[in-house]
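Okay, thanks for squeezing me in, everyone. Let me put the structure up and then we can walk around it together.

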Amino acid sequence: MMEYFHYRYNVLWAEEIPLPEIASRFDTPCYVYSRAAIEHQWRAFDQAFEKHPHQICYAVKANSNLAVLNILARLGSGFDIVSVGELERVLAAGGDPGRIVFSGVGKRADEMERALAVGIACFNVESEAELIRLNEIAGKLEQRAPVSLRVNPDVDARTHPYIATGLRDNKFGIEIDQALAVYARAATLPHIDILGVDCHIGSQLTSLSPFLAALERVLALVDQLAERGIKIRHIDLGGGLGIIYRDEAPPSPQQYAAALRQKLAGRNLEIWIEPGRAIVGNGGVLLTRIEYLKQAPQKNFAIVDAAMNDLLRPALYDAWQEIIPVAVDATGEPLFFDVVGPVCETGDFLGKRRQLAIEAGDLLVVRAAGAYGFTMSSNYNSRPRAAEIMVDGAEAHLVRERETVESLYRGEATLPG
Ligand SMILES: Cc1ncc(COP(=O)(O)O)c(C=O)c1O
Ligand SMILES: N[C@@H](CCCC[NH3+])C(=O)O
């Protein structure tokens with residue numbers, strides 16, 4: 001009798017829909033998400049701040065599937081966006097514009113206009129030039145733009161260099177030493193309303209100390225601003241709390257929130273945060289089928305139907321994500337395999353040297369793929385993007401169709417003549 005994979009340790013899937021059933025209904029590769037897991041994580045953050053005034057602005061870039069956004073909107077979540085595309089997705093999913101913060105170093109004029117028109121909660125402004133542009137556009141619309149300045153606190157997040165954002169060398173934010181001057185300028189601008197101070201130091205952080213170091217610097221700035229008559233209502237500490245992929249031991253949302261609450265005790269400051277990965281990362285898997293096994297004296301390959309275009313993290317960051325067979329009745333000797341996709345790049349792998357007892361045709365899951373999985377996927381090698389499935393109790397819903405091959409060239413043209 002075939003037993004079906006279901007989740008172990010840190011993931012909370014109440015559901016037990018057999019993944020082979022999902023694969024045969026929706027085909028592979030596909031992303032499978034759990035509503036229960038996503039809701040559980042959002043609530044964990046929300047409850048952990050207890051009575052301290054707070055706002056959880058989920059970072060849409062981690063997973064922008066409409067069903068995911070809708071689940072969070074129904075919980076009353078805020079959203080952190082970085083483009084007008086993300087803004088429209090949040091609105092389409094029923095998100096409240098009054099709970100949206102807009103981050104990013106390169107906001108275009110049309111993006112600012114649209115965000116002002118729908119009445120977002122706050123722009124996290126990343127440079128003086130952006131501030132000036134926002135003031136002009138808000139003026140044209142006869143509005144005042146709500147603003148935090150994103151400061152770069154020069155704190156080492158101790159994460160992969162590609163996803164560390166809070167060091168002086170990174171492109172993000174305004175150097176904290178210059179922040180006072182930029183706030184003073186902002187205070188003179190007629191169409192800018194100063195609300196807060198923002199920072200985000202990086203992603204997949206596995207210890208509290210960089211968050212606390214950044215918060216201390218931000219609080220010192222808040223005090224200096226108060227001395228100059230500039231009142232700050234909230235601090236936005238960004239996202240970045242890490243998850244378990246392998247053997248990391250990140251703080252829980254409870255530990256994280258408790259540490260922040262302690263630092264903010266006695267201050268009249270709301271805390272806003274922008275977690276992405278920690279809300280959805282462990283709420284999703286990538287389901288893929290083995291096309292071929294290729295065994296050689298030196299090396300074995302499991303060639304699967306998902307590839308770097310579906311899940312880029314291993315190729316881009318050398319990220320390790322657990323890969324396990326769906327069926328747990330495997331017989332046969334486990335061997336070491338590189339699990340690779342069909343894309344024509346040597347860097348196209350999902351995992352290296354994984355000990356697996358598998359056969360061609362078997363299903364595998366890549367775990368912790370709910371964040372930065374589908375959202376970083378591409379059509380490289382003209383591969384259609386995978387389907388996305390949401391498991392909700394005893395039901396599995398198709399929440400984004402697999403792309404068709406025809407959709408890959410819709411809107412393109414050959415030259416006339
Ligand atoms: C400004 C900003 N906020 C929030 C996030 C979300 O980060 P994470 O998914 O690590 O929580 C990011 C990405 O690192 C970001 O750049
Ligand atoms: N895409 C990255 C995280 C970057 C976060 C965006 N600021 C990852 O998969 O880990």
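Before I point at anything, one bit of vocabulary: when I say buried, I mean that 20 or more other C-beta atoms lie within 10 Å of the residue's own C-beta, while exposed means 12 or fewer, and partly exposed is whatever falls in between. And please keep in mind that this is a predicted model.

So, let's start with helix α3, which runs over residues 66–75. Which of its residues are buried? The buried ones are A67, V68, L69, I71, L72 and A73. Right after α3 comes G76, and its phi is positive, near 95°.

Now for the part I guess you all want, the annotated positions. The UniProt entry, which is unreviewed, has a "binding site" annotation on R277, R313, Y317, E345 and Y372. Those positions stretch over 96 residues of sequence, and they're spread out in space too, with up to 27.0 Å between C-alpha atoms.

Let me take R277 from that list. You'll find R277 in helix α10, residues 277–280. Is R277 buried or exposed? R277 has 27 C-beta neighbours inside 10 Å, so R277 counts as buried. If you ignore the residues within four places of it in sequence, R277 is in contact with A62, S203, Q204, G242, I243, A371 and Y372. Y372, remember, is another of the positions under the "binding site" annotation in the UniProt entry. For a sense of distance, take R277 and V218: in sequence they're 59 residues apart, and from C-alpha to C-alpha they're 23 Å apart.

Next up is Y317, from that UniProt annotation as well. Y317 sits in helix α11, residues 313–317. This one has 15 C-beta neighbours inside 10 Å, so Y317 is classed as partly exposed. Again leaving out neighbours within four places in sequence, the contacts of Y317 are with H160 and Y162.

Then there's the "active site" annotation, also from the unreviewed UniProt entry, and that one covers C344. Where is C344? Look at the loop between β14, 335–340, and β15, 349–356. C344 has 9 other C-beta atoms within 10 Å, and because of that low count it's exposed.

Okay, moving on to how some of the helices pack. First pair: α2, residues 35–48, and α9, residues 253–264. Their axes are 8 Å apart, and the angle between the helices is about 25°. Angles under 35 degrees count as roughly parallel, and therefore that's what we call α2 and α9. The crossing of these two, α2 and α9, is right-handed. On the α2 side you have A44, F45 and A48, and they meet P253, Q254, A257 and A258 from α9. What kinds of residues make up that contact of α2 with α9? Six are nonpolar, one is polar, and none are charged.

Second pair: α5, residues 109–118, with α6, residues 128–140. Here the axes are 10 Å apart and the packing angle is about 50°. That angle is why α5 is described as oblique to α6. The crossing of α5 past α6 is right-handed. From α5 the contact uses A109, M112, E113 and L116, and from α6 it uses R133, L134, I137 and A138. Sorted by type, the residues of this α5 and α6 contact come out as six nonpolar, no polar and two charged.

Last thing, some backbone oddities. As background, most peptide bonds are trans, and most residues other than glycine have a negative phi. With that in mind, have a look at the peptide bond joining T28 and P29: it's cis, with omega about -5°. P29 is in the loop between α1, 19–26, and β1, 30–34. In that loop between α1 and β1 you'll also find D27. D27 isn't a glycine, yet its phi is positive, about 70°. With 14 C-beta neighbours inside 10 Å, D27 counts as partly exposed.

And the other one to click on is N381. It's a residue other than glycine too, with a positive phi near 65°. N381 lies in the loop between β16, 363–366, and β17, 387–392. N381 has 14 other C-beta atoms within 10 Å, so it's partly exposed.

That's my tour. Questions?

Key: Residues numbered from 1 in each chain as written. Chains lettered and ligands numbered in written order. Predicted model: local features only at pLDDT ≥ 70, side-chain atom pairs only at ≥ 80, totals over all residues. UniProt positions renumbered as here; feature names shortened; annotations may be inferred. Helix = DSSP H or I, 4+ residues; strand = E, 2+ residues; numbered from the N terminus. Contact = placed C-beta atoms within 7 Å. Axes fitted to C-alpha atoms, helices over the stretch in contact; angles between N-to-C directions. Parallel < 35°, antiparallel > 145°, perpendicular 65-115°, else oblique. Left-handed = near helix turned anticlockwise from the far one by under 90°. Nonpolar A, V, L, I, M, F, W, Y, C, P; charged D, E, K, R; others polar.
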